[in-house]
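Trainee: I have a model open and I'd like to learn how to read it feature by feature. Can you walk me through it?

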Amino acid sequence: MREAPDDRVVQALREHGGLTRHGLAATTGLSLATLNRSLDRLVKLGRVIVTGHEVSTGGRPPEIFAYNGEGQVVAGISVTDTGATSLLMTLDGGVVARDQTIFGRFTDPEVRLQLTCGLLDRVIDQPKWRLVGIGVAVPGVVTGTSGTVSAIHELGWDRLALGDLLSRRAGLPVLLDNDANCLAVAEHQRGAGRGVANLVSLVVRNGLGAGLITNGQLYRGRHHEAGEIGYLLTGRDSLRRLFPDRGELEQLIGGKRLSEEANRLGLDMASEATLPHLIALGHEQGGKAGKLANELLDLTALSIAAMCVVLDPELVIIGGSTDEAGMAVVIEGVRERLVGRILRVPPLRPAALGADAIMIGAASLAADGLH
C-alpha cells in the first residue's frame with residue numbers, strides 16, 4: 001500500500017532526524033511541490049517543526065525540519081451498552097493514559113449520553129499532554145459529515161448527530177466510526193493483521209459486527225454499512241418475513257436475545273451476557289445451556305463462512321471481548337464447523353491488542369485524519 005505524502009515525510013524524519021527540503025525529497029522520493037504542500041500542513045498541525053538552518057553556500061539558508069511528537073496525543077474512546085472506556089495514545093502509538101465510566105443501572109439513552117460526555121470532558125481536561133485528535137467507536141452505523149449514528153439498539157441511540165455533538169463539546173474534531181472498523185484498523189496497523197492486505201475483523205460481544213480491510217484499505221461500502229452482518233438472512237423462511245427494526249441474525253444472536261436466554265436458563269452470569277461468555281458457559285455445563293451454545297456457534301460459523309466465501313480473506317481476527325477463555329472456545333468451535341465445508345478456512349486469530357484494540361483503532365483513525 002502506497003503511503004500518503006504526509007506519512008512518508010513523518011516516517012523519514014522519525015528515521016533520519018532533522019532534514020532539509022532537499023534531504024526530504026531525496027529520502028521520500030516526493031517532488032518539491034508535493035513536499036512543500038505536505039510540510040505546510042504538518043507544520044500547521046505541529047507535527048513537524050523547524051529546528052534551525054543549514055549553513056548557507058549562498059542565498060537563503062535551508063531550513064531543517066524535525067518530527068515533533070513530543071507531548072502530542074490522540075484519544076480513542078469505545079462506547080458499549082455497559083460503559084465507555086478511553087485511552088490516550090502518542091502519535092508513535094504508545095498508550096500513556098486510560099479512563100472509564102460504567103453505566104451500571106443507568107439504561108436511559110440520554111443518561112448514557114451524559115455519562116459518555118463526562119468521560120470526554122475528563123479526556124480533554126487532562127493537563128499533561130497536548131490533545132490533537134479524538135476518535136470514538138460505537139456499535140452501529142455512522143454516516144454523514146455530522147457523524148450521525150443509527151441503529152445502535154444497545155444504547156438506544158438512533159439518528160443522533162453524535163459526531164457534531166461531541167466535536168462542539170470538545171472544541172476539537174471528533175472522528176466517529178463503527179467499532180468493528182476500528183478493530184480492523186488497529187489490528188491491521190499494529191496487531192495480528194500487520195502485513196496482511198485482506199482481512200476480516202469480528203467484534204464478538206453482544207452479537208456480531210465485521211470490519212473489512214481490502215487491498216490494505218478499510219472498506220466501508222456505499223452507505224457505510226459494509227460488515228453489518230446482523231442483517232444476514234439465515235434460511236429460506238427469512239424471505240417470507242420482514243425485519244424493519246433489527247436484522248434476523250441480530251434477533252437470533254444479539255444482546256437482547258442473549259440476556260433473555262441467560263435469564264430463561266437461570267445461568268449464573270458473573271458478567272454481562274455476552275456471546276463468548278454464554279458459549280463458554282454452555283460448552284462447560286452442557287444440557288440446555290450447551291444446546292444454546294451450539295446454536296450460537298452455528299450461527300457465528302455461518303456468518304464467518306459467508307464472509308470467507310465472498311471476500312476470500314487472508315485472515316479472520318476475532319475480538320471485542322475481554323473473555324479470553326470464551327473467545328478461545330468461539331474460535332475453535334467455528335474452525336471445527338467450517339473445515340471441509342467451504343473452499344478455504346483462513347487462519348482464525350484473537351485480536352493481538354486485546355481489550356485495547358477498538359480504542360487504539362479509534363485513536364489511529366483520528367491520527368490519520370490530522371493529515
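Mentor: Let's start with one residue: Thr-101 sits in strand S5, residues 95–102. Strands here are DSSP E runs of at least two residues, helices are H or I runs of at least four, and both are numbered from the N terminus. Keep in mind that this is a predicted model, where local features need pLDDT of at least 70 and side-chain atom pairs count only at pLDDT 80 or more, while totals for chains, interfaces and linings use all residues. Residues are numbered from 1 along each chain as its sequence is written, and side-chain values use heavy atoms, with hydrogens and water left out.

Trainee: Is Thr-101 buried or exposed?

Mentor: Buried means under 20% relative accessible area, exposed over 50%, and partly exposed in between, using a 1.4 Å probe and protein chains only. Thr-101 has 11% relative accessibility, so it counts as buried.

Trainee: Which residues does Thr-101 touch?

Mentor: A contact means heavy atoms within 4.5 Å. Leaving aside residues up to four places away in sequence, Thr-101 touches Gly-83, Ala-84, Leu-115, Leu-119 and Arg-122.

Trainee: And what do the other two accessibility classes look like here?

Mentor: Thr-34, in helix H3 (residues 32–45), is partly exposed at 21%. Its C-alpha atom is 9.5 Å from that of Asp-6, although the two are 28 residues apart along the chain. Arg-341, in the loop between H11 and S15, is exposed, with a relative accessible area of 61%. The C-alpha atoms of Arg-341 and Ala-305 are separated by 8.7 Å, with their positions 36 residues apart along the chain.

Trainee: Next topic: cores. How do I read one?

Mentor: In soluble globular proteins, nonpolar side chains tend to be buried together. A nonpolar core is a set of buried Ala, Val, Leu, Ile, Met, Phe, Trp, Tyr and Cys residues joined through side-chain atoms within 4.5 Å. The largest one here has 40 residues, and those touching the most other members are Leu-202, Leu-275, Leu-296, Ile-304, Ile-318 and Val-334. Among the elements giving two or more residues to this core are strands S11 (199–205), S12 (207–214) and S14 (315–319), plus helices H9 (275–285), H10 (287–311) and H11 (324–338). H10 supplies the largest share, 10 residues.

Trainee: What does Ile-318 touch?

Mentor: Not counting residues up to four places away in sequence, Ile-318 touches Leu-202, Val-204, Ile-304, Met-327, Ile-331, Arg-349, Pro-350 and Ala-351. There is also a second, separate core of 27 residues, which includes Leu-119, Val-136, Trp-157 and Leu-166.

Trainee: On to sheets. In what order do the strands of the 5-strand sheet run?

Mentor: Strands of a sheet pair through backbone hydrogen bonds, either parallel or antiparallel. In this analysis two strands pair if DSSP finds at least two bridges between them. The sheet is open, in the order S13-S12-S11-S14-S15, with mixed pairing. Strand S13 (217–219) and strand S15 (348–350) are at the edges with a single partner strand each, so one side of each has no neighbour in the sheet.

Trainee: How are S11 and S12 joined?

Mentor: They run antiparallel, joined by 7 bridges, and a hairpin connects them through 1 residue. Val-203 has Gly-209 in S12 as its bridge partner, and Val-200 stands opposite Leu-212. S12 is largely enclosed by the rest of the structure, because 7 of its 8 residues are buried. S12 also pairs with S13 in the antiparallel sense, over 3 bridges. The hairpin of S12 and S13 has 2 residues between the strands, and there Asn-215 takes a positive phi near 50°.

Trainee: Last one: at what angle do H9 and H11 pack?

Mentor: Axes are lines fitted to C-alpha atoms, for helices over the stretch in contact, and angles run from 0 to 180 degrees between N-to-C directions. H9 and H11 pack at about 75°, with their axes 8 Å apart. That makes H9 roughly perpendicular to H11, a label that covers 65 to 115 degrees (under 35 is roughly parallel, over 145 roughly antiparallel, the rest oblique). Pro-276, Ile-279, Ala-280 and His-283 of H9 meet Gly-326, Met-327, Val-329 and Val-330 of H11.
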